[in-house]
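Student: I would like to take a close look at one part of this structure and then follow its surroundings outward. Could you walk me through it?

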Amino acid sequence: MRVTEVAARAFRLPLHRPWDGGVDRNDVVVVRVVTDSGLVGTGFSWTPLIGAGAVTALVNDDIAGAVVGRRAHPCLWDELRWHLREAGTSGLTLMALAGVDIALWDLSAQAARMSLVDLVGRRREAAPAYGSGVNLDYPLPDLVEQVRGWVGAGHEAAKIKVGSPEVARDVERVEAVRRVLGEGRVLMVDANQRWDVPGAARALEALGDFSVHFVEEPLPAEDLEAHARLRERTSVPFAIGENLRTIAEFERAVELGVCDVAQPNVVRVGGITPFLRIAESMARRGVPVAPHLLPELSGQLALCLPRVAMVEDIDRASFAALGALARPSGVEFAQGRVRADTGPGHGLVFADTLTPVAEASP
């Protein structure tokens, strides 16, 4: 089975409610890899606000020519990363490579007449999930209502945003959420890199009465040494990784003692191939993996991981909730668990009615 065509196209998915900082859309670059057998693999790259045009160009102008005529298999990943090295070995190049890699995995599973989960290696039938939302700007009543919705849906764990200009506001909101969750459910917080070391230390001390399970990205993601200094001032576990790109970065974070839960994003690290390598490396170091966003694919990968923490059930921001899919993917979140029954491949079929980025309003 050889590749005859590779094509990428960017589409705009308006969010139901803007995220903090004015993010009102998610852009997705859909990649189609066609083969001489008639099978077509689908991949994607996820670019929440910027980068869709650059990722599309990298796939169409720089990756397609290196893939057409080759055997349709994810083993191409290392060669393609080397091929792209002049454009950089991280960032946008990995995001473009992810779209092709995901499509090649989809093709391999289809050719084997297996689900992606079973091709990778199913380790469990279900994985734990948690309710999550981008909600720092929500008025307190709206935040409480959102968390009540997660509890009503059967979630035993929830994550909310922190990092307000005043620590007292975060304390008020975390206290209110803890009351909704009760003592038996898990509460996590995500600062989205908003703090510095002294600010994070003060905030985490102020939140000490609410049994915070972990704090996500308390500091700028690339400054692992700063995380190490913060580690000396708090016992709250750290979850990091959505903005790390390589195995070396994840391993360095573990070596510094600042990665208690690893959160690789399957697109940002370059696709399923490097995602699985990162997961194996983390397992050898005793670190569980909680895949970042993209629940329809993250939920499938979580069923295959040697050490899985929880999968993020992001409120109203899945591909299905944004109207991006032509049919149900087969990935289902219910009662605080995620399961997958996709049929051959990964089950993600994007709708043909999506608005191309080039035609979307600025």
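Student: How many of the residues of strand 6 (residues 186-190) are buried?

Tutor: Happy to go through it with you, keeping in mind that this is a predicted model. Of the 5 residues in strand 6, 4 are buried, and the strand is mostly covered. Beside it runs strand 5 (residues 157-161), parallel to strand 6 and joined to it by 5 bridges. A good place to see this pairing is Lys161, which stands opposite Asp190 in strand 6.

Now look at what packs there. Helix 6 (residues 167-181) has a set of buried residues: Asp170, Arg173, Val174, Ala176, Val177, Arg178, Val180 and Leu181. These buried residues pack against strand 5 and strand 6, and also against helix 5 (140-152). The length of helix 6 is easy to check: 15 residues at 1.5 Å a residue should span 21 Å, and the end C-alpha atoms are indeed 21 Å apart, so the two values agree. Right after helix 6 comes Gly182, with a positive phi near 75°.

Leaving strand 6 at its other end, you enter the loop between strand 6 and helix 7 (197-206), where Asn192 is found. Asn192 is worth a pause: its phi is positive, about 45°, although it is not a glycine. With a relative accessibility of 24%, Asn192 counts as partly exposed, because buried would require a value under 20%. Arg316 makes a nice companion case, again with a positive phi, here about 60°, and again not a glycine. You will find Arg316 in the loop between strand 10 (311-314) and strand 11, and at 39% relative accessibility it counts as partly exposed.

Following the chain on from that loop brings you to a hairpin. Strand 11 (residues 331-334) pairs with strand 12 (residues 337-340) in the antiparallel sense, over 4 bridges. Glu332 stands opposite Arg339 of strand 12. The hairpin has 2 residues between its strands, and Gln335 takes a positive phi near 50° there.

Next, the open sheet. Its 4 strands come in the order 3-2-1-13, with antiparallel pairing. Strand 3 (40-47) and strand 13 (355-356) are the edge strands, each pairing on one side only. Strand 2 (residues 23-35) pairs with strand 3 over 8 bridges in the antiparallel sense, and within that pairing Gly41 in strand 3 is the bridge partner of Val33. Helix 3 packs on this sheet and touches strand 1 (3-19), strand 2 and strand 3, with its direction at about 150° to that of strand 3.

At the other edge, Thr355 lies in strand 13. Thr355 is partly exposed, with a relative accessible area of 38%. Setting aside neighbours within four places in sequence, Thr355 is in contact with Ala10, Phe11, Arg12 and Ala360. Measuring C-alpha to C-alpha in the model, Thr355 and Ala324 are 9.8 Å apart in space and 31 residues apart in sequence.

Helix 3 deserves its own look. Of its 20 residues, 18 are buried, so helix 3 is largely enclosed by the rest of the structure. At 1.5 Å a residue, those 20 residues should span 28 Å, and the end C-alpha atoms are 29 Å apart, which agrees. Just after helix 3, Arg113 takes a positive phi of about 55°.

Besides the sheet, helix 3 has a helical partner. Helix 3 (residues 92-111) packs with helix 10 (residues 272-284) at an angle of about 90°, the axes being 8 Å apart. That angle makes helix 3 roughly perpendicular to helix 10. On the helix 3 side, Asp101, Ile102 and Trp105 take part, meeting Ile272, Thr273, Pro274 and Leu276 of helix 10. By class, this contact has 5 nonpolar residues, 1 polar and 1 charged.

To finish, stay in helix 10 and find Ser281. Ser281 is buried, at a relative accessible area of 1%. Apart from neighbours within four places in sequence, Ser281 is in contact with Ile247 and Glu251.

Conventions: Residues are numbered from 1 along each chain as its sequence is written. This is a predicted model: local features need pLDDT of at least 70, side-chain atom pairs count only at pLDDT 80 or more; totals for chains, interfaces and linings use all residues. Side-chain values use heavy atoms; hydrogens and water are left out. Axes are lines fitted to C-alpha atoms, for helices over the stretch in contact, and angles run from 0 to 180 degrees between N-to-C directions. Angles under 35 degrees count as roughly parallel, over 145 as roughly antiparallel, 65 to 115 as roughly perpendicular and the rest as oblique. Contact means heavy atoms within 4.5 Å. Ala, Val, Leu, Ile, Met, Phe, Trp, Tyr, Cys and Pro count as nonpolar, Asp, Glu, Lys and Arg as charged, and the others, Gly among them, as polar. Buried means under 20% relative accessible area, exposed over 50%, partly exposed in between (1.4 Å probe, protein chains only). Two strands pair if DSSP finds at least two bridges between them. The expected span of a helix is 1.5 Å times one less than its number of residues.
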